[in-house]
Amino acid sequence: ASASSVRGNNPSKYGPALMLDGDYDSYFCTDDGTTEAELEFTLDGDKTFNRVVLQEYIPLGQRVESFDIQVKSGDGWTSWGSGTMSTIGHKRIILGRSVTTGAVKIRIKSSLAPPVLNSFGLYNDTVSGL
């Protein structure tokens, strides 16, 4: 996991890999004044999914106003699912088209304060919601 900005340049305390550790109280965060970020997750090989789960660390407030999820496609990135989304909040499950990729990018396009995210997951569900 990598990010365009990490609070205090301290990935062990605020890096995007903390969104994968299962600990609710550890989280990714950017520096004060930084309200946009890109987080890239390189997967362990190609994975197929049609659901993305994101969570903000709510004890510090709901901050994200809009975001986009992209998937690696060849040498570039393409929008996945519904394209630009609004808030995340406590937990957001985004339903989208089934896709197979080796990397996923979350683009925080705007937030009220530095984004604080504590969970990210990919799921492949057989129940159609689209």
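What follows is a dialogue on reading the features of a predicted model.

Visitor: How many helices and strands does the chain have, and what pattern do they follow along the sequence?

Guide: The chain has one helix and seven strands. Read along the sequence, these elements come in the pattern β-α-β-β-β-β-β-β.

Visitor: How does the radius of gyration of the chain relate to that of a compact globule?

Guide: A compact globule with 130 residues would have a radius of gyration near 14 Å, and the chain has 14 Å, so the two agree. Along the principal axes, the C-alpha atoms fill a box of roughly 40 × 25 × 25 Å.

Visitor: What share of the residues is buried, and what area does the chain expose?

Guide: Of the 130 residues, 43% count as buried. The chain exposes about 6500 Å², and carbon and sulfur atoms supply 45% of that area.

Visitor: What part of the contacts comes from residues 24 or more positions apart?

Guide: Taking the contacts with a separation of 6 or more, 72% are between residues 24 or more positions apart. One case of two positions far apart in sequence is Asp 23 and Ser 119: they are 96 residues apart along the chain, and their C-alpha atoms are separated by 8.5 Å. Asp 23 sits in the loop between α1 (11-14) and β2. With a relative accessible area of 38%, Asp 23 is partly exposed.

Visitor: Now the strands. What is the general idea for side chains in a strand?

Guide: In a regular strand, side chains alternate between the two faces of the sheet.

Visitor: Which strands does β3 pair with, and in what sense?

Guide: β3 pairs with β1 in the antiparallel sense over two bridges. Its pairing with β6 is also antiparallel and runs over 13 bridges. With β7, β3 shares six bridges, and these two strands run antiparallel as well.

Visitor: Which residues can I look up to see these pairings?

Guide: For β1 and β3, find Ala 3, which stands opposite Leu 39 in β3. For β3 and β6, Phe 41 stands opposite Val 104 in β6. For β3 and β7, the bridge partner of Leu 54 is Phe 120 in β7.

Visitor: Which residues touch the most other members of the largest nonpolar core?

Guide: That core has 29 residues, and Leu 54, Phe 67 and Ile 69 touch the most other members. At least two core residues come from each of β2 (28-29), β3 (37-56), β4 (64-73), β5 (76-85), β6 (92-111) and β7 (116-123). The strand that gives the most is β3, with seven residues.

Visitor: How is a pair of aromatic rings described?

Guide: A pair of rings is described by the distance of the centres and the angle of the planes. The structure holds five aromatic pairs. In one of them, the ring centres of Tyr 14 and Tyr 27 are 6.0 Å apart and the planes are at 45°, so the pair is tilted. Tyr 14 lies in helix α1 and Tyr 27 in the loop between α1 and β2, so the pair ties together parts that are 13 residues apart in sequence. Both Tyr 14 and Tyr 27 are buried.

Visitor: Where do Tyr 24 and Tyr 57 lie, and what parts of the chain does their pair link?

Guide: Tyr 24 and Tyr 57 form a tilted pair, 5.4 Å centre to centre with 45° between the planes. This pair links distant parts of the chain, with Tyr 24 in the loop between α1 and β2, Tyr 57 in the loop between β3 and β4, and the two positions 33 residues apart. Tyr 24 has 32% relative accessibility and so counts as partly exposed. Tyr 57 has a relative accessible area of 11%, which means that Tyr 57 is buried. Tyr 14, Tyr 24, Tyr 27 and Tyr 57 form one aromatic cluster.

Visitor: What sign does phi have in most residues?

Guide: Most residues other than glycine have a negative phi. Asn 9 has a positive value, near 50°. Asn 9 is found in the loop between β1 and α1, and at 68% relative accessibility it counts as exposed.

Visitor: Is Ser 5 buried or exposed?

Guide: Ser 5 has 16% relative accessibility and therefore counts as buried; the cut-off is under 20%. Ser 5 is placed in the loop between β1 (2-3) and α1. Leaving aside residues up to four places away in sequence, Ser 5 touches Phe 28, Cys 29, Thr 30, Asp 31 and Thr 34.

How values were computed:
Residues numbered from 1 in each chain as written. Predicted model: local features only at pLDDT ≥ 70, side-chain atom pairs only at ≥ 80, totals over all residues. Heavy atoms only, no water. Core = buried A, V, L, I, M, F, W, Y, C linked by side-chain atoms within 4.5 Å. Buried < 20%, exposed > 50% of the residue type's maximum accessible area, 1.4 Å probe, protein only. Helix = DSSP H or I, 4+ residues; strand = E, 2+ residues; numbered from the N terminus. Contact = heavy atoms within 4.5 Å. Pairing = 2+ DSSP bridges. Rg over C-alpha atoms; globule rule 2.2 N^0.38 Å. Areas by Shrake-Rupley, 256 points an atom, 1.4 Å probe, with all protein chains shown as cover. Phe/Tyr/Trp six-rings, centres within 6.5 Å; stacked < 30°, edge-to-face > 60°.
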